[in-house]
Amino acid sequence: MTRSLKKIALLWDIDGTLLNTKGVAAKQLIESVREVTGKESSISPGQYSGFTDYEIVLDLLQKSEI
């Protein structure tokens, strides 16, 4: 029996380049990083301008030494 695998992608707009969420996505990301790493992080307005969400997450995790 052959199993079909589904690919699922989760996309969000951390820095507000696509949607104006008044920073809600960034706040939730910072909280998630804190829960996973046990370390505080921050995202300041414009800090990640031009970065993809993947690059933002990667940078935050690297700064948290994960």
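**View 1. Helix α2 and what covers its buried side.**
In this predicted model, the cover over the buried residues of α2 includes α1. Those buried residues of α2 are D53, I56, D59 and L60. They lie on the same side of α2, because they cover an arc of only 125° around the axis. Look just past the end of α2 and you will find E65, which takes a positive phi of about 60°.

**View 2. The buried side of helix α1.**
Turning to the partner helix, A25, A26, L29, I30, V33 and T37 are the buried residues of α1. Their directions cover an arc of only 135° around the axis, so they sit on the same side of α1. This buried set packs against α2. What does the face of α1 turned away from its buried side carry? There you will meet the exposed residues K27, Q28 and E35. The length of the helix is also worth a glance: at 1.5 Å a residue, the 14 residues of α1 should span 20 Å, and the end C-alpha atoms are 20 Å apart, which agrees. Just after α1 comes G38, with a positive phi of about 75°.

**View 3. The largest nonpolar core.**
Seven residues make up the largest nonpolar core: I14, A26, L29, V33, Y48, I56 and L60. Two elements, α1 (24-37) and α2 (53-63), each give two or more residues to this core. Which of the elements gives the most to this core? That is α1, with three residues. Some core members will be familiar from the earlier views: I56 and L60 are among the buried residues of α2, while A26, L29 and V33 are among the buried residues of α1. A26 deserves a closer look, since residues up to four places away in sequence are not counted here and A26 still touches I14 and I43.

**View 4. A salt bridge along α1.**
E31 and R34 form a salt bridge, and their closest N and O atoms are 2.5 Å apart. Why are these two partners about one helical turn apart? The reason is their spacing, because E31 and R34 are three residues apart in helix α1. An α-helix has 3.6 residues a turn, so residues three or four places apart point the same way. Both ends of the pair are partly exposed: E31 has a relative accessible area of 31%, and R34 has a relative accessible area of 29%.

**View 5. A salt bridge along α2.**
How many salt bridges does the structure hold? There are two, and this view shows the one between D59 and K63, with the closest N and O atoms 3.0 Å apart. Helix α2 contains both D59 and K63, which are four residues apart, about one turn of the helix. Is D59 buried or exposed? With a relative accessibility of 18%, D59 falls under the 20% cut-off and counts as buried. K63, by contrast, is exposed, with a relative accessible area of 54%. Side chains of opposite charge can pair when their charged atoms come close.

**View 6. K39 in the loop between the helices.**
K39 sits in the loop between α1 and α2, and K39 is partly exposed, with a relative accessible area of 35%. Which residues is K39 in contact with, leaving aside its neighbours within four places in sequence? They are V33, R34, S64 and E65. Along the chain K39 and E65 are 26 residues apart, and their C-alpha atoms are separated by 9.4 Å. You have already met E65 as the residue with a positive phi of about 60° just after α2, and R34 as the salt-bridge partner of E31.

**View 7. G23, before the first helix shown.**
Where is G23 found? It is in the segment before α1. G23 is partly exposed, with a relative accessible area of 29%. In sequence G23 and S44 are 21 residues apart, and in space they are 9.8 Å apart, C-alpha to C-alpha.

**View 8. Stepping back to the protein.**
The protein has two helices and zero strands. Of its 66 residues, 23% count as buried. About 5700 Å² of the protein is exposed, and carbon and sulfur atoms supply 57% of that area. Among contacts between residues at least 6 apart in sequence, 50% join residues at least 24 apart.

Methods:
Residues are numbered from 1 along each chain as its sequence is written. This is a predicted model: local features need pLDDT of at least 70, side-chain atom pairs count only at pLDDT 80 or more; totals for chains, interfaces and linings use all residues. Side-chain values use heavy atoms; hydrogens and water are left out. A nonpolar core is a set of buried Ala, Val, Leu, Ile, Met, Phe, Trp, Tyr and Cys residues joined through side-chain atoms within 4.5 Å. Buried means under 20% relative accessible area, exposed over 50%, partly exposed in between (1.4 Å probe, protein chains only). Contact means heavy atoms within 4.5 Å. The arc is that of the directions from the helix axis to the C-beta atoms. Accessible areas come from the Shrake-Rupley method with a 1.4 Å probe; for residues, only the protein chains shown count as cover. A salt bridge is a side-chain nitrogen of Lys or Arg within 4 Å of a carboxyl oxygen of Asp or Glu. The expected span of a helix is 1.5 Å times one less than its number of residues.
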